[in-house]
Amino acid sequence: MTNSSGMSTRNGKFLFNQLFGLTSLLSGGSDSGEDDDDDGKTKNCTCECGHTNQENRIVGGRPTGVNRYPWVARIVYDGHFHCGASLLTQDYVLTAAHCVRKLKRSKIRIILGDYDQSTTEDAPAKMRAVASIIRHRNFDQDTYNHDIALLKLRKPVEFSKNIRPICLPSSNDSNLHIRRNFNNFVAARDPAGKTGTVVGWGRTAEGGMLPNVVQEVQVPILTLSQCRAMKYRASRITSYMLCAGRGAMDSCQGDSGGPLLVSNGDKYEIVGIVSWGVGCGRPGYPGVYTRVSKYLNWLKYNLDDTCGVSAQSTLAKKIFGPKFGPFGNHPPPRHDTPASSCSCTCGDRNDPGRIVGGKPTNENEFPWMARLSYFNRFYCGGMLINDRYVLTAAHCVKGFMWFMIKVTFGEHDRCVDTKKPESRFVLRAIAGAFSFLNFDNDIALLRLNDRVPITTNIQPICLPKVKDNLYVGAIAVASGWGTLQEDGKPSCVLQEVDGDSGGPLVTKRADEKYELIGIVSWGNGCARPGYPGVYTRVTRYLDWILENSQDGCFCTD
């Protein structure tokens, strides 16, 4: 059930490729990820980002002009300088995930508009407490992969000459741009080959003291292959990182979380976040930064609709007009029905008498089944794990506008509209470090806009209890509305088949209950000899699932 490279998606995943061609265009980024609830509020975005204050300056690890970089922020913890950060909007600053690991939110303060830590004679700085910490869920404290975090300010800041936001990376022509064939989103430019500027209160030499005033240094940005050819172990430098530095020109420990900037016309963009390195300015060991362009989707989905980033791209509005989707330009409404007493059970199959082998199941035989639709077209499956969350494959949500995904429960024949099933929309999509290159980590959680009633026809599937159970030799069942043969038409009724993308692979336990062991991920063709289906192994993600769905009501197991 593990995933590997060199595959093609199973032909039975009908509509997925067609839909993905559209949604990758609309989502505007490279990395789908988790996203906070959006209350639909609208703000007046009249600000401009990335403009410096044009004082004279001295580069090469020496002081900047006063407030030349008005987005630079200082993270103070328990009264002491801790890390750097960058202002993105009136409400959020961007920093490194390792900077906020194990910190108590109540002890964090963000200082903006500051230049010299030792004096108050400059223009008065602004201090803000932190309302919430949004650290990338896949941050690895050992490798520093996905070293990115957002801090939401308790009170918005007003923009001024000394406090302004930095721009996020843009494409070659504009902040959102598409190719003429409308199939591929143009990713943000690779900054390799450019000279970047690192700004912060970092040490000016290895082991040195922290300076009082903001420092800057210009560093050449390397390609990924150039960095991997340096003295670092090549596998340590992932595609989510970039390297910059030459000789003594480097960022140092105190700069963690601070920005790596490049100029784009008369504006600056943040292309990197100071992350890690070996020593400071050592030959062969350039500074390593988080590659911000890899997290544009993550940033958009985690930022409220503030100046600089909106939950919905300008491109989508151009294609579909000023309003589109069942809720216009806003995500689905949040109902928040009170939680039940959780007096239910999971994994109970309805009417076990059945016909197998790609033939119809009995009505609502698998009450945990969920059908995912996008623009009213069925494209993936999923399964209910509690009254608030659905589990599916990451490739079913990556690049999609999560608030346009409709989830249907208690349905047997999707072509008959005489029986009205239960439907919900997605309030949040949570996916980790999934990649279409190898389909690793092909798992995602969908938080629904309201709780689902647990009935005879709608019940959750049980999660595995034993993490190290390999299920070798176990008899498993996959179900879905997918095609019964390669290149065939989708079924109207729920089938026991290879399954739809994102659908469940379940097995019966000794207590007659069914538990989820796999999620339909990929395969070569459909039912070809020698090419079994490949599933995401659920036991590998139990902690991740429970951590991210704990506000749902789990039925007793």
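Okay, so let's start at serine 86: its bridge partner is leucine 94, which sits in strand 4. Keep in mind that this is a predicted model. The two strands involved here are strand 3, residues 80-87, and strand 4, residues 92-95, and they pair in the antiparallel sense over two bridges. Quick reminder for anyone new to this: strands of a sheet pair through backbone hydrogen bonds, either parallel or antiparallel.

Now zoom out a bit. Six strands close into a barrel, in the order 2-3-4-7-6-5, and the pairing is antiparallel. From one strand to the next, the twist averages 45°.

Let's stay with serine 86 for a moment and bring in isoleucine 166. Where is isoleucine 166 found? That one is in the loop between strand 7, residues 149-153, and strand 8, residues 195-200. Along the chain, isoleucine 166 and serine 86 are 80 residues apart, yet their C-alpha atoms are separated by 7.0 Å. Is isoleucine 166 buried or exposed? Buried, because its relative accessibility is 3%, and the cut-off for buried is under 20%. Leaving out residues up to four places away in sequence, isoleucine 166 touches a list of residues including Trp71, Ser86, Leu87, Leu261 and Tyr268.

Right, on to the other barrel. Here six strands close up in the order 14-15-16-19-18-17, again with antiparallel pairing. Neighbouring strands in this sheet are turned against each other by 40° on average, ignoring direction. One pair to look at is strand 18, residues 422-431, with strand 19, residues 444-448: they're antiparallel over five bridges. In that pairing, valine 426 stands opposite leucine 448 of strand 19.

So, what about the inside? In soluble globular proteins, nonpolar side chains tend to be buried together. The largest nonpolar core in this model has 56 residues, and the ones touching the most other members are Leu391, Ile405, Val407, Phe409 and Ile545. Several elements each supply at least two residues, among them strand 14, strand 17, strand 23 and helix 6. Which strand gives the most to this core? Strand 15, with five residues.

Pick out isoleucine 405 from that group. Not counting residues up to four places away in sequence, isoleucine 405 touches Leu372, Ser373, Tyr374, Tyr379, Val397, Phe400, Arg424, Phe425 and Val426. And there's that valine 426 again, the one opposite leucine 448. Apart from this core lies another one, of 45 residues, with Phe139, Ile163, Leu296 and Trp298 among them.

Technical notes: Residues are numbered from 1 along each chain as its sequence is written. This is a predicted model: local features need pLDDT of at least 70, side-chain atom pairs count only at pLDDT 80 or more; totals for chains, interfaces and linings use all residues. Side-chain values use heavy atoms; hydrogens and water are left out. Two strands pair if DSSP finds at least two bridges between them. Helices (H or I, at least four residues) and strands (E, at least two) are DSSP runs, numbered from the N terminus. Axes are lines fitted to C-alpha atoms, for helices over the stretch in contact, and angles run from 0 to 180 degrees between N-to-C directions. A nonpolar core is a set of buried Ala, Val, Leu, Ile, Met, Phe, Trp, Tyr and Cys residues joined through side-chain atoms within 4.5 Å. Buried means under 20% relative accessible area, exposed over 50%, partly exposed in between (1.4 Å probe, protein chains only). Contact means heavy atoms within 4.5 Å.
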